[in-house]
Amino acid sequence: MYMVCQKCRQQLPLPPHSKLFRCACGNMIPLGNSERSLPIQEHGRFSSKMRRFRDKFRKNSSRENSRSPSPSVSPRLSLIFTKPAPSGKRALLCGVTYKKEKFRLRGTLHDVHSMSDLLVRKFNFTNDSILILAGIKFNFLICLSKKYILNETISAEEEAFKPPTRRNILQAFKWLMEDLKSGDSLVFYFSGHGLRQPDFCEDELDGFDETICPLDFRTNGMISDNDINDILVKPLLPGVTLHAIVDACHSGTVLDLPWVYKENRWVDNRPPSGANKGTRGGMVFGFSACRDNQLAADTSAFSAEKTMMGAMTYTFIKAIWEIPDITYQGLLDNMHKAIENVNEARCPLLKIFQRKIDQEPVLSSSEKFNTDIRFKL
């Protein structure tokens, strides 16, 4: 039997028991069940490296295609925004680290874990009712026992949560507000950076809009208090409750709520323009890390292990765990007291090197209410 080389057109005898045959002109001719369907010219070492790379790529691809997704992470993949939001209790938790940036925050992942743990174990939220935007996979079994996040740096293929980009946060807002019914209890939590920008709508008493900073805020912009109010506050129906906890700088009135609690009394925060910043009958409670003109601390001052965390988040959660039937007034007072205690505990000789936590947690609301009622979610 003979074969013909497609390059030099030379007639050659067919060798037995072989899948490839090299012609005198250098062309490789496939025989029998070879993977190649056409004659391909190859040259020495480079072609061998390419073949090894190809075989390795094919092997890895087939392995990934045969791997079935884990049911434990599927609710937090990209399809989460297409699935109906659960009725009753639901929560959106955002933790932004701004990794690889000079302004990176090291405590936000710990904050998100701690808040999720509080909602599940204290207030009976289910895992399916909590949407987390963090871009990081948590090992919850380890976290619950050791109280900190492990394996912060992981590959993109292992991520279980969507990153807290501007687009994803706005989509998550819609998920949180979908199909609201009387009796629903909503929670929005944000741990990250906050900024201020000039107000051009004349709806701010201090002349500035407060903002939260998504992961990509430098390229796609911030989310202003006007946006948050329009999406999370105004649509609330009677019987629906929203608790917003924002651990960020300049977050005092980041929800633009009409009433702010200062010095044990309610202060009118309605805009000079007369714009309506209230709800359609629902109730909003806002806890902010600091006043609009203050900075919020990302600190290890509260941890003996020097674990970084948000000062507001830590004091908020600690007070709830320690006092089972705590009131809104008691929660606010305990947060203030905890920060004062840490500042007073600084070593006198090292105060010049230890930054004082200069922030006052703020309570705001869509309506005036008795702060001595029990806090519940």
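Here are a few worked exercises on the salt bridges and one open sheet of this predicted model.

**Exercise 1.** Find out which parts of the chain the salt bridge between Glu210 and Arg196 ties together, and how accessible each partner is.

*Solution.*
- Step 1: Start with the distance. The closest N and O atoms of Glu210 and Arg196 are 3.8 Å apart, and the cut-off for a salt bridge is within 4 Å, so the pair counts.
- Step 2: Now place the two residues. Glu210 sits in strand 9 (residues 208-212) and Arg196 in strand 8 (residues 194-198), so the bridge ties together parts that are 14 residues apart in sequence.
- Step 3: Check the accessibility. Glu210 is at 0% relative accessibility, so it counts as buried. Arg196 has a relative accessible area of 28%, which makes it partly exposed.

**Exercise 2.** Work out where Glu360 and Arg291 lie in the chain, given that their side chains meet in a salt bridge.

*Solution.*
- Step 1: The N to O distance for Glu360 and Arg291 is 2.9 Å.
- Step 2: Look for each residue in its loop. Glu360 is in the loop between helix 8 (328-344) and strand 17 (362-365), while Arg291 is in the loop between strand 14 (283-288) and strand 15 (298-299). They're 69 residues apart, so this pair links distant parts of the chain.
- Step 3: Both are partly exposed: Glu360 has a relative accessible area of 29%, and Arg291 has one of 37%.

**Exercise 3.** Explain why Glu322 and Lys318 are separated by about one helical turn, then say whether each is exposed or partly exposed.

*Solution.*
- Step 1: Glu322 and Lys318 form a salt bridge, with their closest N and O atoms 2.8 Å apart.
- Step 2: Both belong to helix 7 (residues 311-322). They're about one helical turn apart because four residues separate them in that helix.
- Step 3: Glu322, at 51% relative accessibility, counts as exposed. Lys318, at 32%, counts as partly exposed.
- Step 4: Now for a wider look. Arg196, Asp206 and Glu210 are joined into one network by salt bridges that share partners. The structure holds 13 salt bridges.

**Exercise 4.** Walk through the open sheet of eight strands and find which strands stand at its edges.

*Solution.*
- Step 1: Write down the strand order, which is 6-5-7-11-14-17-12-13, with mixed pairing.
- Step 2: Read off the ends. Strand 6 (130-133) and strand 13 (265-268) each have a single partner strand, so one side of each is left without a neighbour in the sheet.
- Step 3: Add the twist, which averages 20 degrees from one strand to the next.
- Step 4: Begin at the strand 6 end. Strand 6 runs parallel to strand 5 (residues 89-95), and four bridges join them. Here Ala91 stands opposite Ile130 in strand 6. Helix 2 (residues 108-121) lies across strand 5, strand 6, strand 7 (185-191) and strand 11 (241-247), and runs at about 170 degrees to strand 5.
- Step 5: Move to the strand 13 end. Strand 12 (residues 259-262) and strand 13 run antiparallel, joined by four bridges, and Lys262 stands opposite Arg265 in strand 13. The two strands form a hairpin with two residues between them, and Glu263 in the turn has a positive phi of about 50 degrees.
- Step 6: Finish with strand 12 and strand 17, which pair in the antiparallel sense over three bridges. Tyr261 has Leu363 in strand 17 as its bridge partner.

Technical notes. Residues are numbered from 1 along each chain as its sequence is written. This is a predicted model: local features need pLDDT of at least 70, side-chain atom pairs count only at pLDDT 80 or more; totals for chains, interfaces and linings use all residues. Side-chain values use heavy atoms; hydrogens and water are left out. Buried means under 20% relative accessible area, exposed over 50%, partly exposed in between (1.4 Å probe, protein chains only). Two strands pair if DSSP finds at least two bridges between them. Axes are lines fitted to C-alpha atoms, for helices over the stretch in contact, and angles run from 0 to 180 degrees between N-to-C directions. Contact means heavy atoms within 4.5 Å.
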